[in-house]
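Okay everyone, thanks for coming. Let me put the structure up and we'll walk through a few spots together.

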Amino acid sequence: MMKIKLWYIVWCLLFCVGCLQMKAQVVDSVAVTRGDSLMKYKLVVVHDTVYVPIPEAKMPVDSSRIIYTKPVGRYDRGITNYRFIPKNKWIGGVTVSVFNFESDNSRLLFSLLKDIDLNLRTLSVKPFVGYAIKDNTVVGLKFGYSRISGGIDNLALNIEDLDIALKDIKYTDDSYSFSLFHRSYIGLDHKGLFGLFNETTLGYSTGSTRFSRGADETLKYTDTSINQLKVGINPGIAIFIMPNVGAEVSFGVAGFTYNWEKQKKSSGETGKRTNSGANFKINLFNINIGLTVCI
């Protein structure tokens, strides 16, 4: 009985040593100097640890910054709307639109038409102020001034039997506007730096235009006073470049207008008319760049 126990113990020890040898990995041989003798040892590392990869820790998103909106109909698109403009905040700023065109700057136009000299300039300045009635929803007032000026100093076109010559044609348009606007924002990140918005406006504008031909004794002109009611849709993008200061770009994509006009010619004739219209396209003359302050 005693012999069987000893053999059993020896066999268990050999099995354990074999397992350790299978797991052991020789990493390197090192030389150690002790006194006058040089001794060489083997450094053995036993891998008996299981490494579990741990994902990179991320800061939890503050759920209070997420605005939950009820889906329209039965389909939920899963759009996450973060708070961009908090409730009870005031915003104010100004948007500016500038466009300048001269025939000297267009090689294509100059290559198609000879003896052409024309120019077109537009300027629009619109200060505004608004109040956030709830998170990401702002209503406010917008004022505006715009000026359009252009002219054809000389235009000559001669194609086979078609011969056209125009000169000394000028056009000016000055208008003032007042409008109510409603903005709906969508925050794109949980920090509230980037956002999209859609602005709907209901406005009234008044102004005058002059279209003239010739100069000095040959001058003929038509003056027009215009009053307009307009509903516009202007989407855009906004970004906060500082904690309370943001930049934005918007453009007009749709609008409904109703105009009533009175005209008077240089000859003394007068007239009036009303017209209405709608457009569903990007308006190159209605691209606005502005700054916004949120307090």
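So, which residues make up the largest nonpolar core? Keep in mind that this is a predicted model. The core has twelve residues: Phe84, Ile85, Ile91, Phe128, Ala132, Val138, Phe181, Tyr185, Phe197, Ala238, Phe240 and Cys294. Strands β6 (114-134), β8 (162-187) and β10 each bring at least two residues to this core.

Let's pick one core member, Ile85. Setting aside its neighbours within four places in sequence, Ile85 touches Ile91, Ala132, Lys134, Asp135, Asn136, Val138, Tyr185, Phe240 and Cys294.

Now over to the strands. β10, residues 220-242, runs antiparallel to β11, with six bridges joining the two. They form a hairpin, and there are two residues between them. If you want one pair to look for, Ile239 has Ala247 in β11 as its bridge partner. β11 also runs antiparallel to β14, residues 287-294, and here seven bridges join them. Glu248, for example, is matched with Gly290 in β14.

And which way do the side chains of β11 point? In a regular strand, they alternate between the two faces of the sheet. Along β11, residues 245-251, Gly246, Glu248 and Ser250 point to one face and are buried. Val245, Ala247, Val249 and Phe251 point to the other face and are not buried.

Last stop: Ser97, which sits in strand β5, residues 90-102. Buried or exposed? Ser97 has a relative accessibility of 5%, so it counts as buried. Its side chain reaches the backbone oxygen of Ile287 at 2.9 Å.

Terms used
Residues are numbered from 1 along each chain as its sequence is written. This is a predicted model: local features need pLDDT of at least 70, side-chain atom pairs count only at pLDDT 80 or more; totals for chains, interfaces and linings use all residues. Side-chain values use heavy atoms; hydrogens and water are left out. Helices (H or I, at least four residues) and strands (E, at least two) are DSSP runs, numbered from the N terminus. Buried means under 20% relative accessible area, exposed over 50%, partly exposed in between (1.4 Å probe, protein chains only). A polar contact is a pair of N or O atoms within 3.5 Å; within protein, one must be able to donate a hydrogen and the other to accept it, and residues adjacent in sequence count only if both atoms are side-chain atoms. Two strands pair if DSSP finds at least two bridges between them. A nonpolar core is a set of buried Ala, Val, Leu, Ile, Met, Phe, Trp, Tyr and Cys residues joined through side-chain atoms within 4.5 Å. Contact means heavy atoms within 4.5 Å.
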